[in-house]
Amino acid sequence: MDKLEICTLASGSKGNCTYVRYGDTAILIDQGLSLKELRVRANYRGIDLSQTDALFVTHEHSDHVKGVGAFARAYDTPVHIPAACLGNFKTEDGIDRFFVPNEYDGEVTVKGLSVKPFRVPHDAHYTVGYRISTGKEDIAIATDLGFVSDGTLAKLSGCKAVVLESNHDPLMLEGGRYPRLLKARIAGNRGHLSNDACAQTVAALACTGTQKIVLAHLSEENNTPELAFEASRELLARRGVREGDDVLLFVADQFKPSGRITI
Ligand SMILES: [Zn+2]
Ligand SMILES: [Zn+2]
């Protein structure tokens, strides 16, 4: 039987790209790498980019879109993007024809795979996460969000796997060298999710049947993979959920692809 599969090819403020496959259907969420770098990483994991059916964009920040045009041109791939992002997207000549604007966060079906955007609070013009469903099993991706509202939690609930932002350790951010205003922006309701807020969500999701969680979009300046992992592992343990047994946690990397995580 076909299995849903996720691979984070890059995650963080220097570039994001996530590969999702189900049978012969493959999509990318965001493309913030150079085409050359993307190809190296995909090749390393045995991913054939020429088989990509569609690219989905979460928002217009450059770490999510700077390689979108090059990818669409190279592989002649449709780019599904929230319509509200388009005006803020610095388009290169000739790539408009690839865009498929999504007006009201409508569901998109790619060869039987359902891809449904949901809006999240973040300091871009319009930002979405995606819930992807085979009809039997769901996964979700939410990598840039200031907080997890009840509505967002509902969108993530019941997914077998979730890629979720674990951006910063609050103490590292507070004591770090960023200017005060930038710190406030990151920690604010339209900024990025802290390890603690991520851990709360991870613990809540574990109760809804989520088995694999990829901690994503870690700050290089204000976080470490160990701190992100421990924050979620520890809160799970306090709720009686054992990491490595009941739930598996992964930490996505900025510079190298994750394994191909199957559901
Ligand atoms: Zn980002
Ligand atoms: Zn962003």
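## Sheet

Two strands pair if DSSP finds at least two bridges between them. This model is predicted. Its open sheet has 7 strands with mixed pairing, in the order β7-β8-β9-β10-β11-β12-β13. The edges are β7 (108-110) and β13 (248-251), and each of these pairs on one side only. From one strand to the next, the twist averages 20 degrees.

At the β13 edge, the partner strand is β12 (residues 212-216). The two run parallel and are joined by 4 bridges. Within β13, Val251 is the bridge partner of Leu215.

## Helices on the sheet

Helix α8 packs on the sheet and touches β11 (161-165) and β12. Its direction makes about 165 degrees with that of β11.

Helix α9 (residues 225-238) lies across β12 and β13. Relative to β13, α9 runs at about 160 degrees.

## Nonpolar core

In soluble globular proteins, nonpolar side chains tend to be buried together. Here the largest nonpolar core has 65 residues. Leu55, Val162, Leu164, Val202 and Leu215 have the most contacts inside it. Helix α8 (residues 195-206) gives the most to this core, contributing 6 residues.

What does Leu164 touch, leaving aside its neighbours within four places in sequence? Leu164 is in contact with Cys198, Thr201 and Val202, and also with Ile213, Leu215 and Ala216. Ala142 completes the list. Leu215 thus appears twice in this picture: it is a contact of Leu164, and it is bridged to Val251 in β13.

Note on methods. Residues are numbered from 1 along each chain as its sequence is written. Chains are lettered from A and ligands numbered from 1 in the order in which they are written. This is a predicted model: local features need pLDDT of at least 70, side-chain atom pairs count only at pLDDT 80 or more; totals for chains, interfaces and linings use all residues. A nonpolar core is a set of buried Ala, Val, Leu, Ile, Met, Phe, Trp, Tyr and Cys residues joined through C-beta atoms within 7 Å. A residue is buried if 20 or more other C-beta atoms lie within 10 Å of its own, exposed if 12 or fewer, and partly exposed in between; C-beta atoms are placed from the backbone. Two residues are in contact if their C-beta atoms, placed from the backbone, lie within 7 Å. Axes are lines fitted to C-alpha atoms, for helices over the stretch in contact, and angles run from 0 to 180 degrees between N-to-C directions.
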